[in-house]
Amino acid sequence: MAERPLRILSGIQPTGSPHLGNYFGMMKPAIELQEKGEAFYFIADFHALTSIQDRTLLRENSKRMALDFLACGLDPEKAVFFRQSDVPEVTELAWILSTLAPLGLLERCHSYKDKVAKGMTPNTGLFTYPLLMAADILIYDSHVVPVGKDQKQHVEVTRDLAQRFNRIFGESLVIPEPLIREDTAVVPGLDGQKMSKSYDNTIMLFESPAQQRKKVMRIVTDSTPVEGAKDPDKCNVFALYKLFAEPVEIEELAARYRAGGMGYGEAKKLLNEKLQRYFEPMRARREELAANPKQIEDILEEGGRRARLIARRTLDRVRSQIGLA
Ligand code: ADP
Ligand code: TRP
C-alpha cells in the first residue's frame, strides 16, 4: 500500500457531560494528535442510541459534546470533526463485519457485560456495539485510535475482524493500533474507582467552579492524621494532582506527603487551584463558541461531508471485494 499520512480516529458518545476521565483518557490525547496526521473525530450518536431513547436529550447532548470538545482545543482546521450518523455507510460496513464475527468474540467483551451488570437493558445494539465501532475505525482506514483503557478490547475486536476480512477477501483493511497513554489510562474518580458517569464519581470539565471545588473536597482519602507520613501513590487526590502539575511540583507534593504534617485538606486545596487554572481558558473559549451555535453546526456538517467521501470509497472497495454490486 502506498505511504500515506498517519490517520488518527476516535469517537465519544454523547451520553453526558465530559469528565476528567474522558478528557485525560481520550480528548486530550486526541487533541494533541491532531498535529501529527490526518485526524478524524466524531460524536458517536448511533452508539448513544443503545442507551438514549429521547430525541431532545440526544440532540442536546450531541450539541453539547461538540461544543465541549471544541472548547477543549479540537481544531476543525486540523481535524475532521463530525457526527457519526452523518456517515450512514458505517452501518452497512457493520453489517458486513457482523457476518464475519463469531458470537463468542462479542460475548467476551467486558464492556457489554459491565453495562448489563450495571442495569442497562441488553438490547441487540448494545451487544453488537463493537461491530459498529469496528466499522467506524475500518471505514476510514485508520492507523491509530486514541482511547482510554476500557476501549482497548474493542480495538482488539476491530483488529481481529480486519484480519479475518483480509484473509478471506484479500488484503484491504488497515489493521489499527489502540493508543493508550499509560499515565492516563484509568483516571480515578472521587471514590477511587475508575471515574465514570455510571458510578456518579466524576468531576465534569464545565460544571461550575464551586461544584468542582465541592467535589474535590469529597474525594475519598484514608484516615492518616495530619501529622502522619502519607503514601502519595495510594492517594486519589495525588493521582488527580499529577494530571495537572509539572514534574517538579509533583515531586514537591510527594515529598510533603512523605514527610507528614500536611493534611489531605491541604492537598485538596492545591488540586482544586490547579484544576481551576487549567480549565479557565477552556471555559472562556466555550463561552465564545456557545454564542454561535450555527458555527458549530457548520463545522459538523462540513466534517460529515469530508468523512463521508472517504467512507464511501472504502465501502465501495469492500463491496466489490465481497461480491456485491
Ligand atoms: P463513561 O465511563 O463515563 O461512560 P465513556 O465510556 O463514554 O465514559 O468513555 C469515553 C472515552 O473516555 C473512552 O475513550 C474512554 O476510554 C475514556 N474514559 C472514560 N473514563 C475514563 C477514565 N476514568 N480514565 C481514562 N479514560 C476514560
Ligand atoms: N465506544 C467508544 C466509547 O464508548 C466510542 C466510540 C465509538 C469509538 N466508535 C469509536 C471510539 C471508534 C474510538 C473509535 O467511548
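Q: Looking at this predicted model, which hand does the crossing of helices H9 and H12 have, left or right?
A: H9 and H12 make a right-handed crossing. That label goes to a near helix turned clockwise from the far one.

Q: Why are H9 and H12 called roughly antiparallel?
A: Their axes come within 10 Å and cross at roughly 150°. Anything over 145 degrees counts as roughly antiparallel, so H9 and H12 earn the name.

Q: Which residues make that contact between H9 and H12?
A: From H9 you have Pro 209, Gln 212, Arg 213, Val 216, Met 217 and Arg 218. H12 brings Lys 268, Lys 269, Leu 271, Asn 272, Leu 275, Gln 276 and Arg 283. Sorted by class, the contact of H9 with H12 has five nonpolar, three polar and five charged residues.

Q: H10 packs on H12 too, so what makes that pair roughly parallel?
A: Helix H10 (residues 236-244) meets helix H12 (residues 264-290) at an angle of about 30°, and their axes lie 9 Å apart. The cut-off for roughly parallel is under 35 degrees, and H10 and H12 therefore qualify. As for the hand, H10 passes H12 in a left-handed crossing.

Q: Which side chains would you click on to see H10 and H12 touching?
A: On H10, pick Val 237, Leu 240, Tyr 241 and Phe 244. On H12, the partners are Ala 267, Lys 268, Leu 270, Leu 271, Lys 274, Leu 275, Tyr 278 and Phe 279. The contact of H10 with H12 splits into 10 nonpolar residues, no polar ones and two charged.

Q: What makes H3 roughly perpendicular to H13?
A: Helix H3 (residues 55-72) and H13 have axes that come within 11 Å and cross at roughly 90°. The range for roughly perpendicular is 65 to 115 degrees, so H3 and H13 fit the description.

Q: Which residues of H3 and H13 touch, and what are their classes?
A: H3 contributes Ala 66, Leu 67 and Leu 70, while H13 contributes Ile 296, Ile 299 and Leu 300. The contact of H3 with H13 has six nonpolar residues, no polar and no charged.

Q: How do you know that the buried residues of H4 line one face of the helix?
A: Start with which ones are buried: in H4 (residues 89-98) they are Glu 89, Val 90, Leu 93, Ala 94, Ile 96 and Leu 97. Seen down the H4 axis, these residues fall within an arc of 160°, so they line one face.

Q: What do those buried H4 residues pack against?
A: They pack against helix H2 (45-48), helix H7 (124-139), helix H8 (152-169) and helix H13 (293-322).

Q: Why is Arg 308 called partly exposed?
A: Arg 308, which sits in helix H13, has a relative accessible area of 37%. Buried needs under 20% and exposed needs over 50%, so 37% lands in between and Arg 308 is partly exposed. Leaving aside neighbours within four places in sequence, Arg 308 is in contact with Asp 86, Val 87, Pro 88 and Glu 89.

Q: What makes Asn 166 buried?
A: Its relative accessible area is 6%, against a limit of under 20%, so Asn 166 is buried. This residue belongs to helix H8. Not counting residues up to four places away in sequence, Asn 166 touches Glu 171, Ser 172, Leu 173 and Ile 175.

Q: Gln 13 is in a loop, so how do you know that this residue is buried?
A: Gln 13 comes in at 17% relative accessibility, and that counts as buried because the cut-off is under 20%. Its loop runs between strand E1 (7-12) and helix H1 (20-33). Beyond four places in sequence, Gln 13 touches Ala 44, His 47, Ala 48, Thr 50, Met 65, Lys 115 and Tyr 129. The C-alpha atoms of Gln 13 and Ile 43 are separated by 5.8 Å, with the two positions 30 residues apart along the chain.

Q: Asp 141 and Asp 200 are both in loops, so which is buried and which is exposed?
A: Asp 141 is buried, with a relative accessible area of 11%, whereas Asp 200 counts as exposed at 66%. Asp 141 is in the loop between H7 and strand E4 (144-146). Asp 200 is in the loop between strand E5 (177-179) and helix H9 (209-218).

Q: What is the phi of each of these two non-glycine residues?
A: Asp 141 has a positive phi of about 50°, and the phi of Asp 200 is also positive, near 55°.

Note on methods: Residues are numbered from 1 along each chain as its sequence is written. Chains are lettered from A and ligands numbered from 1 in the order in which they are written. This is a predicted model: local features need pLDDT of at least 70, side-chain atom pairs count only at pLDDT 80 or more; totals for chains, interfaces and linings use all residues. Side-chain values use heavy atoms; hydrogens and water are left out. Buried means under 20% relative accessible area, exposed over 50%, partly exposed in between (1.4 Å probe, protein chains only). Helices (H or I, at least four residues) and strands (E, at least two) are DSSP runs, numbered from the N terminus. The arc is that of the directions from the helix axis to the C-beta atoms. Contact means heavy atoms within 4.5 Å. Axes are lines fitted to C-alpha atoms, for helices over the stretch in contact, and angles run from 0 to 180 degrees between N-to-C directions. Ala, Val, Leu, Ile, Met, Phe, Trp, Tyr, Cys and Pro count as nonpolar, Asp, Glu, Lys and Arg as charged, and the others, Gly among them, as polar.
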